[in-house]
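Please open the structure in your viewer and keep the sequence panel visible. The tour below proceeds by selections, each followed by a description of what is found there.

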Amino acid sequence: MAGEPQDDCLFCKIVAGEIPATIVRETDTTVAFRDINPQAPTHILVIPKAHYENAAALAAGAPQLCADVLRETAEVAAGEKLDSYRTVFNTGSGAGQTVWHAHAHLLGGRGLEWPPG
């Protein structure tokens with residue numbers, strides 16, 4: 001069920017403290033941690049503590065929580081002293097989503113080309 005922890009979800013296990021992660025910021029509704037396979041000098045994932053499969057499901061089912069994720073992305077970027085950064089949500093396997101728990105990638109610390117990919 002949307003919003004409920006999933007036993008087979010890597011990010012739900014990070015939220016529960018069952019799997020270690022390098023946490024950089026945590027609020028009542030979100031957790032931000034360093035990506036284990038960084039694609040930029042700063043690559044942090046910001047996730048809702050509640051389980052939603054992807055960004056579209058999060059926005060439809062919990063718009064305030066979706067706003068919390070975006071707000072925390074900006075807070076983390078400020079804490080990392082990033083003058084500019086990119087926020088990416090991958091939705092679906094064709095877009096590169098590999099963990100089925102909504103998450104924002106915060107990328108910065110180098111020039112980021114456009115278009116991506």
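In which segment does Pro115 lie? Select Pro115 in this predicted model: the residue lies in the segment after strand 5. Now add Trp114 to the selection and display the backbone. The peptide bond between Trp114 and Pro115 is cis, with omega about 0°. As background, most peptide bonds are trans.

**A second backbone feature**

Move next to Lys81, which is found in the loop between helix 3 and strand 4. The phi angle of Lys81 is positive, near 60°, although the residue is not glycine. For reference, most residues other than glycine have a negative phi. Is Lys81 buried or exposed? Lys81 counts as exposed because its relative accessibility is 69%, and the cut-off for that class is over 50%.

**The nonpolar cores**

Select Leu58 and Leu106 and show their side chains. These two residues have the most contacts inside the largest nonpolar core, which comprises 15 residues. Colour strand 3 (42-48), helix 3 (63-79) and strand 5 (104-108), each of which supplies at least two residues of this core. Helix 3 provides the largest share, five residues. A second core, of nine residues, lies apart from this one; Cys12, Ile14, Leu45 and Ile47 are among its members. In general terms, nonpolar side chains tend to be buried together in soluble globular proteins.

Return to Leu58 and display its surroundings. Beyond its neighbours within four places in sequence, Leu58 is in contact with Pro48, Tyr52, Pro63, Leu65, Cys66, Val69 and Ala102.

**The largest pocket**

Which residues lie closest to the centre of the largest pocket? Select Asp35, Gln39, His43, Leu45 and His105: of the 31 lining residues, these are the closest to the centre. The pocket holds about 660 Å³ of space. Its lining consists of 16 nonpolar, 10 polar and five charged residues.

To see where the lining comes from, highlight helix 1 (10-15), strand 2 (30-34), strand 3, strand 4 (85-88) and strand 5, the elements that give two or more residues to it. Helix 1 gives the most, with three residues.

**His105 and its partners**

Keep His105 selected; this residue belongs to strand 5. His105 is classed as buried because its relative accessible area is 11%, where the limit is under 20%. Add His43 and His103 and show the side chains. A polar contact of 2.8 Å links the side chains of His105 and His43, and another, of 3.4 Å, links those of His105 and His103.

Widen the selection around His105. Its contacts, apart from neighbours within four places in sequence, are Asp35, His43, Ile44, Leu45, Arg86, Thr87, Val88 and Asn90.

**Ala21**

For the last stop, select Ala21, in the loop between helix 1 and strand 1 (23-26). Ala21 counts as partly exposed because its relative accessibility is 29%. Which residues does Ala21 contact, leaving aside its neighbours within four places in sequence? They are Ile14 and Phe33. Finally, draw a distance from Ala21 to Asp35: their C-alpha atoms are separated by 8.6 Å, and the two residues are 14 apart along the chain. Ile14 has already appeared in the nine-residue core, and Asp35 among the residues closest to the centre of the largest pocket.

Notes
Residues numbered from 1 in each chain as written. Predicted model: local features only at pLDDT ≥ 70, side-chain atom pairs only at ≥ 80, totals over all residues. Heavy atoms only, no water. Core = buried A, V, L, I, M, F, W, Y, C linked by side-chain atoms within 4.5 Å. Buried < 20%, exposed > 50% of the residue type's maximum accessible area, 1.4 Å probe, protein only. Helix = DSSP H or I, 4+ residues; strand = E, 2+ residues; numbered from the N terminus. Contact = heavy atoms within 4.5 Å. 1 Å grid on protein atoms, 1.4 Å probe; cavity = no way out; pocket = protein on both sides within 12 Å on 5 of 7 lines; lining within 4 Å. Points joined across faces, edges and corners; volume = space filled by probe spheres on them. Nonpolar A, V, L, I, M, F, W, Y, C, P; charged D, E, K, R; others polar. Polar contact = N/O pair within 3.5 Å; in protein donor to acceptor, adjacent residues only side chain to side chain.
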